[in-house]
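Here is my note on the structure, set out as numbered points. Please read it with the structure open.

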Amino acid sequence: MANTSFILRFGKKKSKDKGKEFPIYLRYNHKEEKILIATGRKCSLDNWISEKENSLKGKPKDTELEDRLNELKKEFNRNAVSKVEGEPEASKVREAWEKHKEDKKEKVPEAVFKNSLLARWNDYLEFQDQTLYKGRKRTNGTIRNNRNSRELLSKFLTGKKRQHIKPELFTQIDFQKYEAWLVNSPEAWRTKGKKEEAKTKAPNGVAKSLKTFKSFLKWHIKNGGRLGFNIADIEYSETAGVKIQLTEKELATIAATQLKGRLNLVRDLMVLQSSTGVRVSDLQRLCANLTEDKKAFKIKTKKKGKLVLVPVLPLAKEVLERNNYKLPHIPETKYRLGIKAIYQSLWPSKTTEIGEGDNLKEVFVWEEISSHDMVRTFVNIAAKKGISIPTIATITGKSIQVLLKNYLSEDKEFAAQELLEKFEVSPLRIAN
């Protein structure tokens, strides 16, 4: 009897790290013979539903991924299993599948795909993977942004059945349609596993995608490629996000609050990040980079490659001791969602104002707060304690310009208080 199922494959050494993703294989059994077919997809243990406890056999929680796997399964049964005459032995089924894949390739001439806009972007990704930028490798975030932007363009062109269009045939009209699709089409940004969600992307998200697209096209032109319109016509505008920072009182409240399950880990990471000012990408490495006296962290930042020495403040020390100086891994997405959930549970009605066109719009703080705001919390608390901007730049590994532009927030109440202390008069207070 033949049976087809999906399994996770760990390799020779099974890892217990639930945050790590493992390849998904299609397993075909016939009597005592079986074969494995690579699906090209991966899934973590957290997002895998086992048919039996501790079983590798099962399916992903992500319904979009599950749909894609089921489509592959149908294709496999239709073009491999059903093509074998007589007993569908595993070895014969594999041969039929390999033949189907070869036939499928021939339907799309390699020469056409090789010169397509999407194939050219693949070359760009390979270039980024294999070369240095300003003397160091590009960050995973940069590579990921390019892959995501390429997938957006691929989704758009596939919908138009033009995925093999060449760069020189991609015109200004094509670009305008692509930009309109990014702005107005919820399917462009639909979250995995949430097919019912119908939301368009914020302007900054669209601008980020266009910026990445333009960077790729600049590389293409620089390397002798042609384009069907003037690249200067690609315009985008990125605006600064909402600047939110926790007060010392809020940070202390979060540190002292007992939460449920994973949110306790999110709480500890929030406190640690707000006490050190490091990025999420550096957060998990802090415990492994303590000085011998455990009074400071000494790390080389991933994004800029800078060496920073961060003092272990009292709240950070409490977190480290509570976790025995070992912080479990948590996916960045779950960390960001956890930050919002914790803030919402403690201050559900607190609001802030954001710009919307020429007007101001009042929104709940928990809707806008993010991991960047934990860095901003450290920067602003340190500044209010009188630590100089150059010193904060040294501790966080950020440039003074970046701190001034993106992290330091204006606080009229604090400015009024400081003027009163230094000059015994406060024009800000008088003006109010």
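1. I start with two rings in the interior: both Trp121 and Phe213 are buried. They form a stacked aromatic pair, with 5.7 Å from centre to centre and 20 degrees between the planes. Trp121 belongs to helix α4 (residues 117-130) and Phe213 to helix α7 (residues 203-222), so the pair ties together parts that are 92 residues apart in sequence. Please bear in mind that this is a predicted model.

2. A second pair is made by Phe156 and Tyr178, and this one is tilted: the centres are 5.3 Å apart and the planes make an angle of 50 degrees. Phe156 sits in helix α5 (residues 140-159) and Tyr178 in helix α6 (residues 172-184), 22 residues apart, and the pair links distant parts of the chain. Phe156 and Tyr178 are buried.

3. Where do these rings belong in the wider picture? Trp121, Phe213, Phe156 and Tyr178 are among the members of one aromatic cluster. The cluster also includes Tyr124, Phe127, Phe170, Phe175, Trp181, Phe216, Trp219 and Phe229. Over the whole structure, a search finds 18 aromatic pairs.

4. On confidence, the mean pLDDT of the protein chain is 83, and 86% of its residues reach 70 or more. Which helix has the lowest confidence, and which the highest? The lowest is helix α18 (residues 427-431), at a mean of 49, and the highest is helix α8 (residues 248-256), at 93. I would not build an argument on α18, given its mean of 49.

5. As to the overall make-up, the protein chain has 18 helices and 11 strands. Of its 432 residues, 38% are buried. Among contacts in the chain with a separation of 6 or more, 57% are between residues 24 or more positions apart.

6. Helix α8 also holds Leu251. With a relative accessibility of 6%, Leu251 counts as buried. Beyond its neighbours within four places in sequence, Leu251 is in contact with Leu246, Val271, Ser274, Leu315 and Ile381. For Ser274, which is 23 residues away along the chain, the C-alpha atoms of the two residues are separated by 7.9 Å.

7. The next point concerns two helices, α14 (residues 372-384) and α15 (residues 389-396). Their axes come within 10 Å and cross at roughly 145 degrees. The crossing of α14 past α15 is right-handed. On the α14 side the contact is made by Phe378, Val379, Ala382 and Ala383, and on the α15 side by Ile392, Ile395 and Thr396. By class, this contact has six nonpolar residues, one polar residue and no charged residues.

8. Two backbone angles deserve a look. Most residues other than glycine have a negative phi. Lys294 is not a glycine, yet its phi is positive, at about 60 degrees. Lys294 is placed in the loop between α10 (280-283) and β8 (296-300), and it is partly exposed, with a relative accessible area of 43%. Tyr325 likewise has a positive phi of about 60 degrees without being a glycine. Tyr325 lies in the loop between α11 (314-322) and α12 (332-346), and with a relative accessible area of 21% it is partly exposed.

9. What does Lys57 touch, leaving out residues up to four places away in sequence? The list is Asn3, Ser5, Phe6, Ile7, Arg27, Trp48, Ile49, Ser50 and Glu51. Lys57 is in the loop between β4 (48-50) and β5 (58-60), and at 23% relative accessibility it counts as partly exposed. Lys57 and Ile7 are 50 residues apart along the chain, while their C-alpha atoms are separated by 4.3 Å.

10. Is His100 buried or exposed? His100 is buried, with a relative accessible area of 15%. This residue is part of helix α2 (residues 90-107). Not counting residues up to four places away in sequence, His100 touches Glu75 and Asn79.

Note on methods
Residues numbered from 1 in each chain as written. Predicted model: local features only at pLDDT ≥ 70, side-chain atom pairs only at ≥ 80, totals over all residues. Heavy atoms only, no water. Axes fitted to C-alpha atoms, helices over the stretch in contact; angles between N-to-C directions. Helix = DSSP H or I, 4+ residues; strand = E, 2+ residues; numbered from the N terminus. Left-handed = near helix turned anticlockwise from the far one by under 90°. Contact = heavy atoms within 4.5 Å. Nonpolar A, V, L, I, M, F, W, Y, C, P; charged D, E, K, R; others polar. pLDDT = per-residue confidence, 0-100. Phe/Tyr/Trp six-rings, centres within 6.5 Å; stacked < 30°, edge-to-face > 60°. Buried < 20%, exposed > 50% of the residue type's maximum accessible area, 1.4 Å probe, protein only.
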